[in-house]
Structures are given as C-alpha cells and as structure tokens.
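Work through the exercises below with the structure open beside you. Try each task before reading its solution.

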Amino acid sequence: MTKLKLIIVTFVIFANFNLLNAQSVEEIIKGRKAMFSENYQTGKKISILLKSKKIEEAKPLMKKMSANYKKLLDYFPENTKEGFKTEALPSIWENKDEFNALMQKASDDMLKLAKAIETAEDLRAVQKELMWSNCSACHNRFRAPH
Ligand code: HEC
C-alpha cells in the first residue's frame with residue numbers, strides 16, 4: 001500500500017467511526033426523550049383509570065412505567081451531555097449516583113403504587129406520593145427549565 005492510500009484509508013475509517021458515534025448519541029438522546037414522553041402519557045392514562053377506580057387496568061401501566069425507568073438508567077452515558085436539544089443538565093454527570101438513585105426510586109415506587117392501590121383509600125394522594133412527586137424531585141435538579 002502506498003503512503004497516500006494508507007492515509008486515505010485511515011481517514012475514511014476515522015470519518016465513518018465519527019459518523020457512527022454521532023448517530024448513536026442522537027439515538028440515545030432522542031431515545032430517552034421518547035421514553036420520558038411515553039411515561040408522561042402513561043402517567044396521564046393512569047390518572048384517568050384511577051379516577052374511575054379501574055385498579056386492575058392501571059396496574060400493567062404502572063409496571064410498564066417502572067420498566068421504562070430501569071431502561072433509562074442506561075440512557076445517560078458521558079458522551080450525551082449535549083446536542084439534539086437535550087434538556088439534561090450537567091449536574092446529572094456531576095452527581096451520577098444521586099441521579100441514578102432517583103431513577104431507581106421512581107422505578108421502585110411505581111411497583112409500590114401497583115400494590116398500594118389495592119388498599120389505599122385516597123388513590124389520588126397515593127399516586128401523587130408515589131408517582132408525580134418523583135417527576136418534580138428529579139426535574140428540579142436535573143432537567144433544564146423548559
Ligand atoms: C430521575 C430523573 C427523572 C425522573 C424521575 C423523571 N424525569 Fe422527566 N426528565 C428527566 C431528564 C433528565 C429529562 C431531560 C432529557 C433530555 O432532554 O435529554 C427529562 C425530560 C422529560 C420530558 C421531556 C421529553 C422530551 O421530549 O424532551 C418529559 C415530558 C418528562 N421528562 C416527563 C416526566 C414525568 C411525567 C415524570 C414522572 C412521571 C418524569 N419525567 C420523571 C429526568 C427525570
């Protein structure tokens with residue numbers, strides 16, 4: 001191989017690598033945004049179901065949301081701090097353990113909620129405590145004002 005060819009081949013490999021990397025960052029950021037939006041939609045559906053005491057129908061949605069939060073734990077790698085209109089704050093990576101703990105708590109609380117609604121008298125209050133409050137607790141510290 002001539003020196004020039006070697007340079008070209010190296011360049012092409014490097015350029016492709018960068019492209020692949022850029023795509024995966026885009027996929028990760030867009031992927032986590034989509035999951036948060038889905039959780040929001042699911043949360044609203046849960047509210048409607050609980051209003052009409054449809055407890056058994058609400059349970060699978062709670063489990064789905066819990067699983068989504070677990071997946072989200074893997075959606076904040078170091079290389080996804082900026083770009084693609086992310087609202088994720090740098091404080092996430094400065095306090096990764098705390099951030100992950102809040103995500104894990106949000107996930108665990110959805111499973112607790114699925115149990116609690118069997119006996120709770122005030123469904124709205126228990127949903128607020130075990131679901132909605134976790135959204136704001138995390139957003140206050142780790143999501144940019146929007
Ligand atoms: C442990 C942290 C955490 C919890 C818990 C959490 N969020 Fe978020 N949420 C974030 C972060 C960080 C972002 C910004 C993601 C980005 O833009 O990359 C976000 C973004 C969003 C978005 C915007 C998505 C988009 O398309 O840009 C919505 C909607 C949302 N969250 C709703 C909720 C709701 C509703 C709950 C509770 C039921 C919730 N979140 C719980 C951290 C959290």
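## Exercise 1: Contacts of Ile117

Task. List the residues that Ile117 touches, not counting residues up to four places away in sequence.

Solution. Leaving out residues up to four places away in sequence, Ile117 is in contact with Leu50, Ile55, Ala58, Leu123 and Val126. The model used here and in every exercise is a predicted one.

Next, place Ile117 in a wider group. The largest nonpolar core has 16 residues, and those touching the most other members are Ala58, Met62, Met110, Leu113, Ala114 and Ile117. To this core, H1, H2, H4 and H5 each supply at least two residues. The biggest contribution is that of H4, with 6 residues. As background, nonpolar side chains tend to be buried together in soluble globular proteins.

## Exercise 2: Length and faces of H2

Task. Work out what span helix H2 (residues 55-72) should have at 1.5 Å a residue, and compare it with the distance between its end C-alpha atoms.

Solution. Step one: H2 has 18 residues, and at 1.5 Å a residue, counting one less than the number of residues, the expected span is 26 Å. Step two: the end C-alpha atoms of H2 are 26 Å apart, so the two values agree.

Task. Which residues of H2 are buried, and how are they arranged around its axis?

Solution. The buried residues in H2 are Ala58, Met62, Met65 and Tyr69. Looking down the axis of H2, these buried residues fall within an arc of 65 degrees, so they line one face of the helix. Exposed residues Glu56 and Pro60 are carried on the face of H2 turned away from its buried side.

## Exercise 3: Buried or exposed?

Task. Decide whether Ile46 and Ala125 count as buried or exposed, given that 20 or more other C-beta atoms within 10 Å make a residue buried and 12 or fewer make it exposed.

Solution. Start with Ile46, which lies in helix H1. Ile46 counts as buried because it has 25 C-beta neighbours inside 10 Å. Apart from residues up to four places away in sequence, Ile46 touches Ala58, Leu61, Met62 and Gln127. Lys63 is 17 residues from Ile46 along the chain, and their C-alpha atoms are separated by 11 Å.

Now take Ala125, which is in helix H5 (residues 123-142). Ala125 counts as exposed because it has 10 C-beta neighbours inside 10 Å. Between the C-alpha atoms of Ala125 and Thr80, 45 residues apart along the chain, the separation is 36 Å.

## Exercise 4: Positive phi in a loop

Task. Describe the phi angle and the exposure of Phe84, then do the same for Lys85.

Solution. Phe84 is in the loop between H2 and helix H3 (91-94). Its phi is near 50 degrees, a positive value in a residue other than glycine. With 13 other C-beta atoms within 10 Å, Phe84 is partly exposed.

Lys85 is in the loop between H2 and H3. The phi of Lys85 is near 55 degrees, again positive in a residue other than glycine. Lys85 has 9 other C-beta atoms within 10 Å, so it is exposed.

## Exercise 5: The shell around the ligand

Task. Which residues come nearest to the ligand, and which helix gives the most to the shell around it?

Solution. There are 22 residues around the ligand, and Lys33, Phe36, Thr86, Cys135 and Cys138 come nearest. Helix H1 (3-51), helix H4 (96-116) and H5 each supply at least two residues of the shell. H1 gives the most, with 8 residues. By type, the shell divides into 12 nonpolar, 6 polar and 4 charged residues.

Technical notes: Residues are numbered from 1 along each chain as its sequence is written. This is a predicted model: local features need pLDDT of at least 70, side-chain atom pairs count only at pLDDT 80 or more; totals for chains, interfaces and linings use all residues. Helices (H or I, at least four residues) and strands (E, at least two) are DSSP runs, numbered from the N terminus. The arc is that of the directions from the helix axis to the C-beta atoms. A residue is near a molecule or strand if its C-beta atom, placed from the backbone, lies within 6 Å of it. Ala, Val, Leu, Ile, Met, Phe, Trp, Tyr, Cys and Pro count as nonpolar, Asp, Glu, Lys and Arg as charged, and the others, Gly among them, as polar. A nonpolar core is a set of buried Ala, Val, Leu, Ile, Met, Phe, Trp, Tyr and Cys residues joined through C-beta atoms within 7 Å. Two residues are in contact if their C-beta atoms, placed from the backbone, lie within 7 Å.
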